[in-house]
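Morning, everyone. I have one structure to go through today, so please look at the screen and I will talk you through it.

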Amino acid sequence: MMTHKDLIVWKKGINLVKVVYDMTAGFPSSEQFGLTSQIRRSAVSIPSNIAEGCGRNSDKELIQFLYIALGSATELETQIIISGELNFLKKEDVAVLNESVNEIIKMTTSLIKSLKTRNETK
């Protein structure tokens, strides 16, 4: 039986969390409860919602949680852009993070489409 731990998108989400924590460690201490916390929570939310959806009883519920993960990914993308604009992140770091986030967005969208197609053919 396949679990969330078998999904490449979940694994990429876990890796993204590690990179986000590393890159936000250098944010100003005044942002500890602001942007730093928000970025980290958004990043953690992505693999967490994928895992929660996989733990549910149906593809319909999984899809619902994948949409939540997708929302967290787009929220994170915006926060990364803001961090770059505020010069909390270097342009290269913004590019690396956005590339990872966009890959996760594409993979999550594809998984949603695949699950919807599978359910239409049942």
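Lys116 is partly exposed, with a relative accessible area of 36%. Before I go on, note that this is a predicted model. Lys116 sits in helix H4. Which residues does Lys116 contact, once its neighbours within four places in sequence are left aside? Those are Ile63 and Tyr67. There is also a lysine to compare it with: Lys116 and Lys60 are 56 residues apart in sequence, and their C-alpha atoms are 8.3 Å apart in space.

Staying on H4, the next residue is Thr109, which is found in that helix. Thr109 has a relative accessibility of 28%, so it counts as partly exposed. From C-alpha to C-alpha, Thr109 and Leu70 are 7.6 Å apart, with their positions 39 residues apart in sequence.

Now the chain as a whole. How many helices and how many strands does the secondary structure come to? The count is 4 helices and 0 strands, and from the N terminus the order reads α-α-α-α. The radius of gyration is 15 Å, close to the 14 Å that the globule rule gives for 122 residues, so the chain is as compact as a globular protein of that length. Taken along the principal axes, the box filled by the C-alpha atoms is roughly 50 × 20 × 20 Å.

Some totals for the chain. Buried residues make up 37% of the 122. Take the contacts between residues at least 6 apart in sequence: 70% of them join residues at least 24 apart. The accessible surface is about 7,300 Å², and carbon and sulfur atoms account for 54% of that. On charge, there are 15 positive and 14 negative, and the mean positions of the two sets are 5 Å apart.

Next, the aromatics. The structure holds 1 aromatic pair. In general, a pair of aromatic rings is described by the distance of the centres and the angle of the planes. Here the rings belong to Phe27 and Phe88, with centres 5.4 Å apart and planes at 50 degrees, so the pair is tilted. The pair links distant parts of the chain, 61 residues apart. Phe27 is in the loop between helix H1 (8–24) and helix H2 (35–54), while Phe88 is in the loop between helix H3 (59–85) and helix H4 (91–120).

Are these two rings' residues buried or exposed? Phe27 is buried, at a relative accessible area of 7%. Phe88 counts as partly exposed, at 24% relative accessibility; the cut-off for buried is under 20%, so Phe88 does not meet it.

Both phenylalanines turn up again in the contacts of Ser83. That serine is found in helix H3 and is buried, with a relative accessible area of 0%. Leaving aside neighbours within four places in sequence, Ser83 is in contact with Phe27, Leu35, Ile39, Phe88 and Leu89.

Gly84 is also placed in helix H3. With the neighbours within four places in sequence left out, Gly84 has contacts with Leu89 and Val94. Gly84 and Glu31 are 53 residues apart in sequence, and the C-alpha distance between them is 14 Å.

Then Asn87, in the loop between H3 and H4. What is phi of Asn87 near? The value is near 60 degrees, which is positive, in a residue other than glycine. For background, most residues other than glycine have a negative phi. Asn87 counts as exposed, at 67% relative accessibility.

A second asparagine, Asn49, lies in helix H2. At 10% relative accessibility, Asn49 counts as buried. Apart from neighbours within four places in sequence, Asn49 is in contact with Phe65, Ile68, Ala69 and Ser72.

Last residue: Thr78, in helix H3. Thr78 counts as partly exposed, at 44% relative accessibility. Thr78 and Gly55 are 23 residues apart in sequence, and 28 Å apart in space from C-alpha to C-alpha.

To recap the main points: a predicted model, 4 helices and 0 strands, and 1 aromatic pair, formed by Phe27 and Phe88. That is all from me.

Conventions:
Residues are numbered from 1 along each chain as its sequence is written. This is a predicted model: local features need pLDDT of at least 70, side-chain atom pairs count only at pLDDT 80 or more; totals for chains, interfaces and linings use all residues. Side-chain values use heavy atoms; hydrogens and water are left out. Helices (H or I, at least four residues) and strands (E, at least two) are DSSP runs, numbered from the N terminus. The radius of gyration is taken over C-alpha atoms; the globule rule is 2.2 Å times the number of residues to the power 0.38. Buried means under 20% relative accessible area, exposed over 50%, partly exposed in between (1.4 Å probe, protein chains only). Contact means heavy atoms within 4.5 Å. Accessible areas come from the Shrake-Rupley method with a 1.4 Å probe; for residues, only the protein chains shown count as cover. Lys and Arg count as positive and Asp and Glu as negative; His and the chain ends are not counted. The place of a charge is taken as NZ of Lys, CZ of Arg, CG of Asp or CD of Glu. Rings of Phe, Tyr and Trp (its six-membered ring) pair if their centres lie within 6.5 Å; planes under 30 degrees apart count as stacked, over 60 as edge-to-face and the rest as tilted.
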